[in-house]
Amino acid sequence: MKKHLLFLLLFASLCGMAQSTKSKPNFIRNQVNVNAFMEYYGNSTRCFGISGNYGINNWIETGACFGVFALNIYNDNTKAINYKLNAKAHIVNVFAPSFYAIDPYLVARMGGLSVFGDSAPRTMFTYNVGGGIALNFSRHFGLF
């Protein structure tokens, strides 16, 4: 009898979770997401930028980012412009599309970096793959 009751409670809770995630509107698909970011690389290199993404389905966003670096490579006044295309996959939304306050994600970016200033100007191809966790305080504001 206890096993049947446990199975019934487990089944009812899974059905309730499925109903609650399906009834909530998705916060990624067909949404535009604008991010301002600041990145640090070591003690003296920092990047300020902006990115924009568009949700193509329940868990993938694609877009572009643009940033300005203040570099200290040769102890001179070197600046750089970073421009990339990116794709971001929200891991939790693969299994249950809904809004989550804690949102782990994977991101892949590729593009260019143009360096100019006192050093010899040059442009190079860049790419990176990484991940992170977004802390969403509401559907419209979060930190990542």
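**Exercise 1. Work out where Glu 39 sits in this predicted model, and which residues it is in contact with beyond its sequence neighbours.**

Step 1. Start with the contacts. If you skip everything within four places in sequence, Glu 39 is in contact with Thr 45, Arg 46, Cys 47 and Arg 109.

Step 2. Now place the residue: Glu 39 belongs to strand E1.

Step 3. Is Glu 39 buried, exposed or in between? Its relative accessible area is 21%. Buried would need a value under 20% and exposed a value over 50%, so Glu 39 counts as partly exposed.

Step 4. Add a distance. Glu 39 and Gly 49 are ten residues apart along the chain, and their C-alpha atoms are separated by 8.6 Å.

**Exercise 2. Start from Cys 47, one of the contacts of Glu 39, and find the nonpolar core that holds it.**

Step 1. List what Cys 47 touches. Leaving out residues up to four places away in sequence, you get Phe 37, Met 38, Glu 39, Tyr 41, Gly 67, Val 68 and Phe 69.

Step 2. Look for the core. The largest nonpolar core has seven residues, and Cys 47 is one of them, along with Phe 37, Cys 65, Phe 69, Ala 80, Leu 113 and Val 115.

Step 3. Which strands each supply at least two residues of this core? They are E3, which covers 60–71, and E5.

Step 4. Put it in context. In soluble globular proteins, nonpolar side chains tend to be buried together. Over the chain of 144 residues, buried ones make up 29%.

**Exercise 3. Find the cavities and say what lines them.**

Step 1. Count them. Searching the whole structure for cavities of 30 Å³ or more turns up two.

Step 2. Take the largest cavity, with about 60 Å³ of space. Its lining is made by Phe 37, Glu 39, Tyr 41, Cys 47, Cys 65, Asn 82, Lys 84, Arg 109 and Asn 128. Strands E1 (32–41) and E4 (78–90) are the elements that give two or more residues to that lining. E1 has the largest share, with three residues.

Step 3. Sort that lining by class: four residues are nonpolar, two polar and three charged.

Step 4. Move to the second largest cavity, at about 50 Å³. Here the lining is Asn 35, Phe 37, Ser 51, Asn 53, Asn 86, Lys 88, Val 107, Arg 109 and Phe 144. At least two lining residues come from each of E1, E2 (45–55), E4 and E5 (102–117). By class you get three nonpolar, four polar and two charged residues.

**Exercise 4. Describe the largest pocket.**

Step 1. Get its volume: the largest pocket holds about 860 Å³ of space.

Step 2. Which of its 35 lining residues lie nearest its centre? Those are Asn 33, Asn 35, Lys 88, Asn 136 and Phe 144.

Step 3. Trace the lining back to the strands. E1, E4, E5, E6 and E7 (142–143) each give at least two residues, and E1 has the largest share with nine.

Step 4. Split the lining by class: 17 nonpolar, twelve polar and six charged residues.

**Exercise 5. Compare the settings of Thr 126 and Asn 30.**

Step 1. Locate both. Thr 126 is in strand E6, residues 122–136. Asn 30 is in the loop between helix H1 (2–23) and E1.

Step 2. Check accessibility. Thr 126 has a relative accessible area of 15%, so it is buried; Asn 30 has 51%, so it is exposed.

Step 3. List the contacts of Thr 126 beyond four places in sequence: Asn 82, Lys 84, Arg 109, Met 110, Gly 111, Gly 112 and Leu 113.

Step 4. Note the backbone of Asn 30. Its phi is near 60°, a positive value in a residue other than glycine.

**Exercise 6. How many aromatic pairs does the structure hold, and how are the rings arranged?**

Step 1. There is one aromatic pair. Its rings belong to Phe 125 and Tyr 127.

Step 2. Use the geometry. The centres are 6.2 Å apart and the planes meet at 35°. Planes under 30 degrees apart would be stacked and over 60 edge-to-face, so this pair is tilted.

Step 3. Check exposure: Phe 125 and Tyr 127 are both exposed.

Technical notes: Residues numbered from 1 in each chain as written. Predicted model: local features only at pLDDT ≥ 70, side-chain atom pairs only at ≥ 80, totals over all residues. Heavy atoms only, no water. 1 Å grid on protein atoms, 1.4 Å probe; cavity = no way out; pocket = protein on both sides within 12 Å on 5 of 7 lines; lining within 4 Å. Points joined across faces, edges and corners; volume = space filled by probe spheres on them. Helix = DSSP H or I, 4+ residues; strand = E, 2+ residues; numbered from the N terminus. Nonpolar A, V, L, I, M, F, W, Y, C, P; charged D, E, K, R; others polar. Buried < 20%, exposed > 50% of the residue type's maximum accessible area, 1.4 Å probe, protein only. Contact = heavy atoms within 4.5 Å. Core = buried A, V, L, I, M, F, W, Y, C linked by side-chain atoms within 4.5 Å. Phe/Tyr/Trp six-rings, centres within 6.5 Å; stacked < 30°, edge-to-face > 60°.
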